[in-house]
Amino acid sequence: MNVMTEHITGAEALLRSLLAENVDTVFAYPGGSIIKVFDALYGHRTDLRQILVRHEQGATHAAQGYARVSGRTGVAIVTSGPGATNTITGISDAMLDSTPIVVIAGQVGTDALGTDAFQEIDLVGVTQPITKWSYQIRRAEDIAWAVARAFYIAGSGRPGPVVLDFTKTAQMQQIDFKPAKIDYVRSYIPAPDPIDSQINEAVALINNAKKPLVLVGHGVELGNAEKELAAFIEKGNLPAARTLLGLAALPSDHPLNMGMLGMHGNLAPNVKTNECDVLIAVGMRFDDRVTGTLNTYAKQAKIIHLDIDKSEFGKNVKPDVTVLGDCRQTLQLITERMEKADHKEWIESFKPLDKEEFDKVINIAVNPKDGPLKMGEVVTEVSKQSPADSVLVTDVGLNQMFASRYFKYRSPRSIVTSGGLGTMGFCMPAAIGATFGAPERMVLAFFGDGGFQMNIQELGTIMENQAPVKMILMNNTYLGNVRQWQQMMFDSRYSCTHMMNPDYSKIASAYGIPYQLVTDRSQLADAVKQMISAKGPFLLEAAVQEEENVMPMIKPGNSVDQMIFSIEN
């Protein structure tokens, strides 16, 4: 069937191209160099939801939140100059966490390029190292092709951010437009076909393993391979541990779920990493927060690494067997060929370590008998009362680690957090985006007082859209994670980590957002119930212990099996 062409402006062509990619929401902030696009947006109020954020960084994080819960590509539209440069943090964050977003930025006219015109910046040059693709659109006739290519690259293979730098010239030109469709780019192979010999090598190692351990990464979620993962570990009776971004790939209550890996992960999977004989890494990149010092990491084990991106093989940890391809395919192939197994004795060996951590850390964190309110009990109560398919969004710092450790994951795509870049200020706009990406799910946003204030202006976006973000502000009056490190390694010299905070009740009132303060644990359950039952946004402030530390911990430079339970260790 022939597609009819229309004679329209480049600005309108951009929007028609977005609609052709089934985009339903854009997070946007206008300006002079993109104003023609916003004029065209005026005519698309019914078929393209337009969310006015309060800062361009907020637009990118909102696009990330949308993408992470929906599995679709998020879109941000901003102007040139500072509007464009304000997106750099979000673009970098999306690159490190493999999140598909397309950022469209205005640019000066082609006749002004290179003249240092007002609000001109070489955005392509700035963003090339932190994107999968960055391209400047100078002609209207290239718009359909560029948008189609951008979405194909952003959402395929290992996802990531793409930037389109959209000149005013291309926005203004009139063209005969028809949408484009791209499903192939020369020299770009997003999902390599599985290699039979690699599958067989992996199967042979797994079948002969006596003490196997599976490491579950973000790639399982990105590949929609949660069911394939479950079938794999259940057939082989393989204990599995998850990275921070892989936490929701396996339900918290799955009997083979051994907990969280890494610096503030669980004791048993970290210790057992250095005891297993076969380590099977699925869609993870052996980040330094997971491995600790590489000098002692899993030296006793044969390592199998499954990933869609071959550049990850051997980058940090040298594997014995590599399995290249989409893990949804490769896991299924391995599962079909592997033998059923019973590693009961090996799995039982995790339990004493679990009990040790429970007695020394968890029970104290979530069931305190007296003293100030603790972050762990706040997270536990919220998790207990929230719907099973709720989405956890966190900021960065102690709030992130406590929330990630104690929240119960019951559905896929249930955690949205800044892993690789560790971006404070991520939570509020990402939570807003999540409410649009998964409007049927409850979005629970956990903050510290530092991160809450970093993008506090996005309360305006929440107010205007009545985005139903349930905000849990765990206020300890410190930049808690840095303070913990200062206590541990710098003799408690708390340099620039204590915070004088505003009256959050007045801030909530100014934005018309219901608010409740909890200062005592006797108030907690009722306050959480009030928040959960509220129809729209809600801010719950919990005054928590000022100098609480998140434990256990792998100190920088130490091995994964050298976890401490207190600063005194």
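**Legends to close-up views of a predicted model**

**Figure 1. Overall view of the predicted model.** The accessible surface of the protein comes to about 22,600 Å², and carbon and sulfur atoms account for 51% of that area. Of the 569 residues, 60% are buried. The fold is made up of 24 helices and 22 strands. The radius of gyration is 24 Å, close to the 25 Å that the globule rule gives for 569 residues, so the protein is as compact as a globular protein of that length. Taken along the principal axes, the box filled by the C-alpha atoms is roughly 70 × 60 × 40 Å. Where contacts link residues at least 6 apart in sequence, 77% of them join residues at least 24 apart. The protein carries 52 positive and 63 negative charges, and the mean positions of these two sets are 3 Å apart.

**Figure 2. Strand E18 and the strands paired with it.** Strand E18 spans residues 469–475, and seven of its seven residues are buried. Val-469, Met-471, Leu-473 and Asn-475 point one way from E18, while Lys-470, Ile-472 and Met-474 point the other way. Both sets, including Lys-470 and Asn-475, are buried. Strand E17 (residues 443–448) runs parallel to E18 and is joined to it by six bridges. Within this pairing, Phe-446 stands opposite Ile-472. Strand E20 (residues 538–543) also runs parallel to E18, again with six bridges between the two. Here Asn-475 of E18 stands opposite Ala-543 of E20.

**Figure 3. Helix H17 and its cover.** Helix H17 comprises residues 375–385 and is mostly covered, with eight of its 11 residues buried. The buried residues are Met-375, Gly-376, Glu-377, Val-378, Val-379, Glu-381, Val-382 and Ser-383. Two glutamates, Glu-377 and Glu-381, are thus listed among the buried residues of H17. The cover over these residues includes helices H16 (351–366), H18 (398–406) and H24 (524–533). Strands E17, E18 and E20 contribute to the cover as well. The view therefore links to Figure 2, because E18 and its partners E17 and E20 are among the elements that cover H17.

**Figure 4. Positive phi at Phe-286 and Asp-491.** Most residues other than glycine have a negative phi. Phe-286, which is not a glycine, has a positive phi of about 55°. This residue is placed in the loop between strand E12 (278–282) and helix H13 (288–291). Is Phe-286 buried or exposed? Its relative accessibility is 2%, and a residue under 20% is classed as buried, so Phe-286 counts as buried. Asp-491, likewise not a glycine, has a positive phi of about 55°. The place of Asp-491 is in the loop between helix H22 (480–489) and helix H23 (504–510). With a relative accessible area of 65%, Asp-491 is exposed, since the cut-off for that class is over 50%.

**Figure 5. The cis peptide bond before Pro-552.** Most peptide bonds are trans. The bond from Met-551 to Pro-552 is cis, and its omega is near -5°. Pro-552 lies in the loop that runs between E20 and strand E21 (553–554). Strand E20, at one end of this loop, is the parallel partner of E18 shown in Figure 2.

Methods. Residues are numbered from 1 along each chain as its sequence is written. This is a predicted model: local features need pLDDT of at least 70, side-chain atom pairs count only at pLDDT 80 or more; totals for chains, interfaces and linings use all residues. Side-chain values use heavy atoms; hydrogens and water are left out. Buried means under 20% relative accessible area, exposed over 50%, partly exposed in between (1.4 Å probe, protein chains only). Helices (H or I, at least four residues) and strands (E, at least two) are DSSP runs, numbered from the N terminus. Two strands pair if DSSP finds at least two bridges between them. The radius of gyration is taken over C-alpha atoms; the globule rule is 2.2 Å times the number of residues to the power 0.38. Contact means heavy atoms within 4.5 Å. Accessible areas come from the Shrake-Rupley method with a 1.4 Å probe; for residues, only the protein chains shown count as cover. Lys and Arg count as positive and Asp and Glu as negative; His and the chain ends are not counted. The place of a charge is taken as NZ of Lys, CZ of Arg, CG of Asp or CD of Glu.
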